[in-house]
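Here is a walk through the chain you are about to see, going from cysteines to cores and then out to the loops. Keep the 3D view open and click along as you read.

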Amino acid sequence: MNQTVSYYDEYAKEYCAATADADMSFCRGKFMDCLPTGAHILDAGCGSGRDSKVFLEKGFSVTAMDASEKMCKEAEKLLGQAVLQLSFEKINYHNEFDGIWACASLLHVAKSEINSVIQNLKSALKPDGILYVSFKYGTEERIAQGRLFNDYDESLLITLLKGNDFTVNDVFITEDVREEKQGEKWVNAVCKKN
């Protein structure tokens, strides 16, 4: 994970520029539809802050976090509020959030550590809280461009979430919305804490 964080520290500006306009409205809509008005959302691995900005504009309360110090600084510029520099392993909230948005972020967690990270997120959610996750589609654990990636398919993702005592509301496949990544697929899930 340290190697992955170092990558984002080094390329924060470039990464933010490349992802700031990615249209995640379809996935965000599925997530927001499950939340109460004015819900408190944890944007876990917020990157540029793109999605946090939309959540704030929609009237939600947002706590944004990222493991990369440089990414936090970029997101703070966009959001006009503090962004926590925090890794998934250090999340220590209890019954705090109505929803957690983990868009293209948990894919950097090793398979050997993913269950404990999901448990951290579950603990941070209020009863019946909603978790959104997305992963590149596949079954590999690999290093690419200096970053660790863990890929999931529908079956692996459902097993992961049910095994951590979530009710899976929806699992769906999407195409990467970035033009230069056309043809790459993602698996997404919206689930509820039991």
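A disulfide is counted here when two cysteine sulfur atoms lie within 2.5 Å of each other. Please keep in mind that this is a predicted model.

## Cysteines

How many disulfides does the rule give? The count comes to zero. Take C46: the closest cysteine sulfur to its own is in C72, and at 5.9 Å this is too far for a bond, because a disulfide needs the sulfurs within 2.5 Å. C191 has its closest cysteine sulfur in C34, 9.7 Å away, again too far for a bond. Both of these cysteines are buried, C46 with a relative accessible area of 8% and C191 with 0%.

## The nonpolar cores

As a general point, nonpolar side chains in soluble globular proteins tend to be buried together. In this model the largest nonpolar core has 31 residues, and the members that touch the most others are I100, L106, L131, V133 and L157. Two or more residues come from each of β1, β4, α6, β5, α7 (154-163) and β9. Helix α6 gives the largest share, five residues. Another core, of 16 residues, lies apart from it and includes L35, V62, Y132 and F172.

L106 is a good place to zoom in. Beyond its neighbours within four places in sequence, L106 is in contact with F88, I114, V117, I118, L121, V133 and F135.

A189, in strand β9, is also worth a click. A189 has a relative accessible area of 0%, so it counts as buried. Which residues does A189 contact once neighbours within four places in sequence are set aside? They are L131, Y132, V133, L157, L161, D170 and V171. With V171 the C-alpha to C-alpha distance is 4.4 Å, although the two residues are 18 apart in sequence.

Helix α3 (residues 25-32) has C27, R28, G29, F31 and M32 buried. These buried residues pack against β1 (40-44), α4 (50-57), β4, β5 (125-136), β8 (166-175) and β9 (185-193).

## Two buried polar residues

D98 is part of strand β4. Is D98 buried or exposed? At 16% relative accessibility, D98 counts as buried, because the cut-off is under 20%. Its side chain makes a polar contact of 3.3 Å with the side chain of K126. K126 is also one of the residues that D98 touches, along with L35, P36, A39, H40, L125, G129 and I130, when residues up to four places away in sequence are not counted. From D98 to N2 the C-alpha atoms are 29 Å apart, with their positions 96 residues apart in sequence.

N164 sits in the loop between α7 and β8. With a relative accessible area of 4%, N164 is buried. Setting aside neighbours within four places in sequence, N164 contacts N115, I118, Q119 and K122.

## A hairpin

Strands β6 (residues 141-144) and β7 run antiparallel and are joined by four bridges. A144 stands opposite R147 of β7. Two residues lie between the strands of this hairpin, where Q145 takes a positive phi near 50 degrees.

Side chains in a regular strand alternate between the two faces of the sheet. How do the side chains of β7 (residues 147-150) point? R147 and F149 point one way, L148 and N150 point the other way, and all are buried.

## Positive phi in two loops

N95 and A104 both have positive phi values without being glycine. The table puts their settings side by side.

| Residue | Phi | Loop | Relative accessible area |
|---|---|---|---|
| N95 | about 50 degrees | between β3 (84-85) and β4 (97-102) | 45%, partly exposed |
| A104 | near 55 degrees | between β4 and α6 (114-124) | 21%, partly exposed |

A104 is partly exposed at 21% because buried means under 20%.

Technical notes
Residues are numbered from 1 along each chain as its sequence is written. This is a predicted model: local features need pLDDT of at least 70, side-chain atom pairs count only at pLDDT 80 or more; totals for chains, interfaces and linings use all residues. Side-chain values use heavy atoms; hydrogens and water are left out. Buried means under 20% relative accessible area, exposed over 50%, partly exposed in between (1.4 Å probe, protein chains only). Two strands pair if DSSP finds at least two bridges between them. Contact means heavy atoms within 4.5 Å. A nonpolar core is a set of buried Ala, Val, Leu, Ile, Met, Phe, Trp, Tyr and Cys residues joined through side-chain atoms within 4.5 Å. A polar contact is a pair of N or O atoms within 3.5 Å; within protein, one must be able to donate a hydrogen and the other to accept it, and residues adjacent in sequence count only if both atoms are side-chain atoms.
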